[in-house]
Amino acid sequence: MGKSLHTGRQKLPKSWDTGLWVSKRPFGLGLVKPHHIRDTLRTVWDNRDNLPYAYRILTQGVCDGCALGVSGLYDQTLEGPHVCTTRLNVLRLNTMPAIKEETLHADVEKLRKLSSSELRGLGRLPYPLIRRKGEARFVRLTWEEAMRRIAEKAKKVDPKGIAFYLTGRGITNETYYAAAKAARAIGTNNIDNASRICHSPSKTALKRSIGVGASTCSYKDWIGTDVLLFWGSVAANNQPVSTKYMYAAKRKGTKIIVINPYREPAMDGYWIPSIPESALFGTKLADDFYQVSIGGDIAFMHGIMKCWFEMEKQLPGSAVDRDFVLRHTTGYDELREHVEQLAWEELEAGSGLPKSRMEELAKLLAGARSGVFVWSMGLTQHRFGTDNISQVANLALLRGFLGREHCGLMPIRGHSGVQGSGEMGADPFSLPGGEFGNAADRERIEKLWGFQLPNWQGDIVGVSLENALLPEGQERKLRLFYTSGGNFLETMPDPAHVKRCLEGVELRVHQDIVLNSSMLADAEEEVIVLPAMTRYEQPGGGTSTSTERMVYYSPEIEGPRVGEARAEWDIFGELAERICGEKGRAARFGSAAAIREEIAAAAPYYDGIQKLGKRGDVFQWGGAWLCEGGECPTPDGKGRLIPIPMPDLQRTQGRMYATTRRGKQFNSMIFGERDSFNAAGRYDVLLSTEDAGSLSINEGDAIVVHNSSGVFHGRAKLAPVAAGNIELFWPEGNVLFERGVYEPHAGIPEYNASVVVERADLYHALKEVKSARRDAAIQDVRDTDPPE
């Protein structure tokens, strides 16, 4: 942990810089770009029935959107107010009235015809519901009956057949902690969270490389660093307030580099609504794009290091920070030998970029005195995601970009609560302030909690779901699945298979604030739905941890309350008590403040959370920089340089590589059918002009993308994508990704695939030919059958 403290907000320059303007057209009129004023007015209209409450949420609460951490309208990075369209889009979830009874109890087939966006728009869940197998409608339950039914089922089930999951949807540290404790009291270690499908490789890789599983620096370090590098991250789209930090960095002379298969327009230029100059004329963000092929990042990073090692031979110290490497790392010689034996031809083929481009970035980084590396799903959602992140750590360690101002490694979070989920123990591999596999951590937590923990390793959520299809007699067959938020039909690969898994569970419990499509899937016995409070409604307020480890207090905000919704931490505590009696009572808390007191004791680096209790309270665990001065919390105090193998992408002639991107959405919550930055529709497929030409595909043509996992029908949209690669929107593209493929270290599903892209007319013509040939073959067999 670092000793230096965050020094507070910086001021933005008052002068304008015309050299950064995207266009001289006021407000980018006529250009494809977000319409912030229009979207803001739409938010006002959507919340017109509850405007005073909506205003209090925005000005008093901590943002429940991405994990930048804006408290009210202010953060800890820059002076002045901040608000973004992502937060405004999510706002209505907190101000909606209850769903009308005639809608809530309609035939489930009618509800299934609604999109997820339409289901959300119906309103808030007002009271507990149940739908038994064979029933066509949800019926109302009392809380007493709902909790009794869940508890009775749990008592009959082997704890290994029970699994919990918590999303990142506005969930507080208090809820994560209470759920983690309740699950272990009940006897199961099958508890997981939304990080499993986004940043689990980041935590795993950083722990093995430098001993910590969180961002080592602050957003403030972006401003004035020599190089700010975004790897597989479209922060301008997914964390819009970050564009304000990028603007401040540009004004300080920082070079912004983006590494992504698609030249993302949001990172090219952005109109930042809270900066007058930028709101009028836009701001050029990226100085350069390196369009690495999907999955080619490891090869590209090997190329950078190979350049450095060649520079070192000519002039020692010209590329590698030798003093830092000598004093603060291990494994240098092994890494160098591994990289040097790789051929340039292999690295060019793997990365999709020529040696000259790798040399170009290598020299830029070698000449930089400081650098911050930021990444997201473009690096993590691979079957080799952990290796991707350890490779980024290798680059930072070789240059000494760690543990000091304007330097660091930052996995930027897209959910406001998810950073704290594992730190609170809501993870099969984690405990509050420690690791499940560490005997000392287990002993410490058992002493604090007053009961023994399950002595077996829990499953990641994807495996838990698949365990629903295990044959009878298997102890890990999933019989009770309890999910707080989350919609696996729209987040996991192979949705049809996920539906079979969900319907194979005997009892599913969905604890949430709105309806989603997963709730409408059948179950072997019954589905119970429990209404939850938002973070702004929870008595005693709550806390969330941002990407930069800022722990913010979000107060309970005065306003309307919906039906019988309850605080989630209280629901988990009651459930544990009903199932386990005295043992479970240890997981029952009288107040949110009591939970914070215990968190401080359970996770020593969270000491200070117990002092948060009023609007604006915040502290940063670990100080301004983790690994300060290069000292890593590893057994020997050093970072590990790790030789990373080249992944086998199995690229074959005639096939392309597919990945997903986000459009006008917040994670899987879609707010518009058209992408604000490129006008693409949800079923448009982005591909290069070069690939389109070779396939005789024109803009707007109906095309089919297919492989052994599924078939996607869409339309071609020509875009600046690296040749040999295509991008589809998520979650629509999930039909193409193979189920059951998990990263071996962190368990994240694979969200990339080898595919065939064809014009729709050719695809269907070929299907007809194959069908005719099959019919002819069958007839031939019949014609040659001997007479009876």
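Let me begin with a definition, since the first residue I want to show depends on it: a residue counts as buried when its relative accessible area is under 20%, and as exposed when that value is over 50%. Please keep in mind throughout that what we are looking at is a predicted model.

With that cut-off in hand, consider A587, which sits in the loop between helix 26, residues 582-585, and helix 27. Its relative accessible area is 0%, so A587 is buried. If we set aside residues up to four places away in sequence, A587 touches K181, A182, G573 and A576. As for distance across the model, A587 and I259 are 328 residues apart along the chain, and their C-alpha atoms are separated by 45 Å.

I would like to turn next to helix 22, which spans residues 439-449 and whose buried residues are D441, R442, I445 and W449. Around the helix axis these residues cover an arc of only 100°, which puts them on the same side of helix 22. On the face turned away from that buried side, we find the exposed residues A439, E443 and K447. What, then, covers the buried residues of helix 22? The covering elements include helix 8, residues 173-186, and helix 27, residues 592-602, together with strand 13 at 430-431 and strand 14 at 434-435. Both ends of this helix deserve a remark: at the start, a side-chain oxygen of N438 reaches to within 2.9 Å of the backbone nitrogen of A440, while after the helix comes G450, which has a positive phi, near 85°.

Helix 17, residues 344-351, can be described in a similar way, and here the buried residues are W344, L347, G350 and S351. Viewed down the axis of helix 17, they fall within an arc of 130°, so they line one face of the helix. The exposed residues E345 and A349 are found on the other side of helix 17. The packing partners of the buried residues are helix 14, at 297-314, and helix 18, at 355-366. The residue that follows helix 17 is G352, and its phi is positive, near 80°.

Now for two buried residues with side chains that can carry charge or make polar contacts, beginning with H328, which lies in helix 15, residues 322-328. H328 has a relative accessibility of 2%, and therefore counts as buried. Its side chain makes a polar contact with the side chain of R327, at 3.1 Å, and the side chain of H328 also reaches the backbone oxygen of G630, at 3.2 Å. Not counting residues up to four places away in sequence, H328 touches G629, G630, E631, K638 and G639.

The other residue is E750, in the loop between strand 28, residues 725-729, and strand 29, residues 753-759. Is E750 buried or exposed? At 5% relative accessibility, E750 counts as buried. The side chain of E750 makes a polar contact with the side chain of N752, at 2.9 Å. Leaving aside neighbours within four places in sequence, E750 is in contact with Q381, H382, R383, P493, F737 and V741.

Let me finish with the empty space in the model, starting with the largest pocket, which has a volume of about 670 Å³. It is lined by 28 residues, and those nearest its centre are S116, L489, E490, Y683 and P731. Helix 6 at 116-121, helix 24 at 495-504 and strand 24 at 669-670 each supply at least two residues of this lining, and helix 6 gives the most, with four residues. By class, the lining of the largest pocket divides into 14 nonpolar, seven polar and seven charged residues.

As for enclosed space, how many cavities of 30 Å³ or more does a search of the whole structure find? The search finds seven. The second largest cavity holds about 170 Å³ of space, and of the 17 residues that line it, T85, T86, N237, K664 and S676 lie nearest its centre. At least two residues of that lining come from each of helix 3 at 85-95, helix 10 at 235-238 and strand 23 at 665-666, with helix 3 providing the largest share, three residues. The lining of the second largest cavity is made up of seven nonpolar, seven polar and three charged residues.

Methods. Residues numbered from 1 in each chain as written. Predicted model: local features only at pLDDT ≥ 70, side-chain atom pairs only at ≥ 80, totals over all residues. Heavy atoms only, no water. Buried < 20%, exposed > 50% of the residue type's maximum accessible area, 1.4 Å probe, protein only. Arc of directions from axis to C-beta. Contact = heavy atoms within 4.5 Å. Polar contact = N/O pair within 3.5 Å; in protein donor to acceptor, adjacent residues only side chain to side chain. 1 Å grid on protein atoms, 1.4 Å probe; cavity = no way out; pocket = protein on both sides within 12 Å on 5 of 7 lines; lining within 4 Å. Points joined across faces, edges and corners; volume = space filled by probe spheres on them. Nonpolar A, V, L, I, M, F, W, Y, C, P; charged D, E, K, R; others polar.
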